[in-house]
Amino acid sequence: MKVFNNVIEMVGNTPMVKVTNMDTGPCELYLKLELQNPGGSIKDRIAVEMVEQAEKQGKLKPGDTIIEATAGNTGLGLALVAAGKGYPLKIVMPDKMSQEKVNNLRAMGAEVVQTRSDVQKGHPEYYQDMAARMAEENGYYYVNQFENPANVDAHYKTTGPEIWKQMDGNLDAFVCGVGSGGTLSGVGRYLREQNSQVDLVLADPAGSILEPLVNRNEEVEAGSWLAEGIGEDFIPTICDLKLANTAFAVSDKEGMQTARKVLEKEGVMVGSSSGYLIAAALRYCQQQTEPKRVVTLACDTGNRYLSKLFNDDWMRSQNLL
């Protein structure tokens with residue numbers, strides 16, 4: 001077994017596991033366990049790539065402060081990389097995110113600024129607008145995962161090839177969500193280059209604007225949803241939404257209950273967004289009339305959601321049980 005020189009080297013090459021105790025119809029469903037990255041989520045991949053590309057391009061120099069707007073996991077990935085490379089880090093995140101993420105970020109040395117989650121892009125207190133403003137006023141390096149092509153590159157160079165290799169080039173569909181759009185754009189482009197017939201399926205929280213766009217080319221007003229890190233009220237610059245063949249709108253109840261069921265039935269403790277992805281993947285599988293091999297992601301660890309998703313009182317308070 002390989003011995004690593006540092007934690008950053010351990011990002012990627014995550015295992016794949018077959019779903020065996022849930023109804024996958026005539027299909028085989030596999031989970032790529034991104035929660036086994038050292039920072040506990042798929043966002044470790046983009047954190048490494050975005051920082052290293054910024055260094056190569058001369059945009060990030062020793063002593064600079066990094067700032068990012070995030071639902072938490074990109075922040076945790078950046079905290080891992082920033083600590084390893086010696087950069088101060090500031091994280092701006094909406095106030096609906098779990099307390100575990102906030103505590104984890106602070107424990108890793110990041111300064112956390114929480115802002116309103118009830119406002120949309122263009123409002124001065126929207127988390128992305130606030131991070132951009134703070135960067136401009138203070139000379140910080142704003143990572144900006146929503147517009148940073150290195151986000152897509154990370155998935156095109158690592159996640160996509162790993163999935164293809166693990167499935168021995170025998171893959172019919174890939175199910176993912178959109179937060180920043182890097183996964184859909186990077187993995188989607190790579191898989192389509194290997195096989196143009198691969199179905200790319202979007203899992204979207206009910207209330208997000210993306211499912212109506214994919215399925216009906218319909219523009220809607222954004223609603224609200226409880227999943228952290230997926231669903232959008234705008235289309236991120238780096239998101240190639242046209243790659244998605246079809247989309248499933250997943251309710252908070254279905255998404256959260258599926259996440260809990262994955263732990264109960266498969267022994268994998270996933271976070272809230274993974275519940276929505278796996279719910280959509282199960283629906284896709286059950287709709288098929290012939291066998292297909294389908295992959296989706298266990299995006300992050302459920303340990304970040306003990307006060308919410310895995311807390312019966314919180315679930316009851318949200319009418320999710």
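The following paragraphs describe the cores, the four-stranded sheet, selected loop residues and a surface patch of a predicted model.

Residues are numbered from 1 along each chain as its sequence is written, and side-chain values rest on heavy atoms, with hydrogens and water left out. Because the model is predicted, local features require pLDDT of at least 70 and side-chain atom pairs count only at pLDDT 80 or more, whereas totals for chains, interfaces and linings use all residues.

The largest nonpolar core (a set of buried Ala, Val, Leu, Ile, Met, Phe, Trp, Tyr and Cys residues joined through side-chain atoms within 4.5 Å) has 68 residues. Here, buried denotes under 20% relative accessible area, exposed over 50%, and partly exposed in between, with a 1.4 Å probe and protein chains only. The residues with the most contacts inside this core are Ile163, Phe174, Leu191, Leu202, Leu241, Val294 and Val295, and its largest share, nine residues, is contributed by helix H9 (residues 272-287). Helices (H or I, at least four residues) and strands (E, at least two) are DSSP runs, numbered from the N terminus. When neighbours within four places in sequence are set aside, the contacts of Val295 (heavy atoms within 4.5 Å) include Met16, Tyr30, Ile163 and Phe174. Another core, of 29 residues, lies apart from the largest one and has Met50, Ala54, Tyr87 and Met97 among its members. In soluble globular proteins, nonpolar side chains tend to be buried together.

An open sheet is formed by four strands in the order S5-S4-S3-S6, with parallel pairing; two strands are taken to pair if DSSP finds at least two bridges between them. Strand S5 (111-115) and strand S6 (141-142) are the edge strands, each pairing on one side only. Strand S3 (residues 66-69) pairs with strand S4 (residues 89-94) in the parallel sense over four bridges, and Glu68 stands opposite Ile91 in S4. S4 is mostly covered, six of its six residues being buried: Leu89, Ile91 and Met93 point one way, while Lys90, Val92 and Pro94 point the other way. In a regular strand the side chains alternate between the two faces of the sheet.

Pro88 is placed in the loop between helix H2 (73-85) and S4, and is partly exposed because its relative accessible area is 39%. Residues up to four places away in sequence not being counted, Pro88 touches Gly63, Asp64, Thr65 and Ile66. Between Pro88 and Tyr140, which are 52 residues apart in sequence, the C-alpha to C-alpha distance is 9.7 Å.

Two loop residues have an unusual backbone sign, since most residues other than glycine have a negative phi. Asn144, in the loop between S6 and helix H5 (149-166), has a positive phi of about 55 degrees, and counts as buried because its relative accessibility is 14%. Asp168, in the loop between H5 and strand S7 (173-176), has a positive phi near 50 degrees, and is exposed because its relative accessible area is 69%.

At the surface, Phe4, Val7 and Met10 make a nonpolar patch of about 230 Å². Such patches consist of residues with over 30% relative accessible area and no salt bridge (a side-chain nitrogen of Lys or Arg within 4 Å of a carboxyl oxygen of Asp or Glu), like charges being joined within 9 Å and nonpolar side chains (Val, Leu, Ile, Met, Phe, Trp, Tyr) within 5 Å. Accessible areas come from the Shrake-Rupley method with a 1.4 Å probe, and for residues only the protein chains shown count as cover. Phe4 lies in the segment before strand S1 (16-18) and counts as partly exposed because its relative accessibility is 35%.
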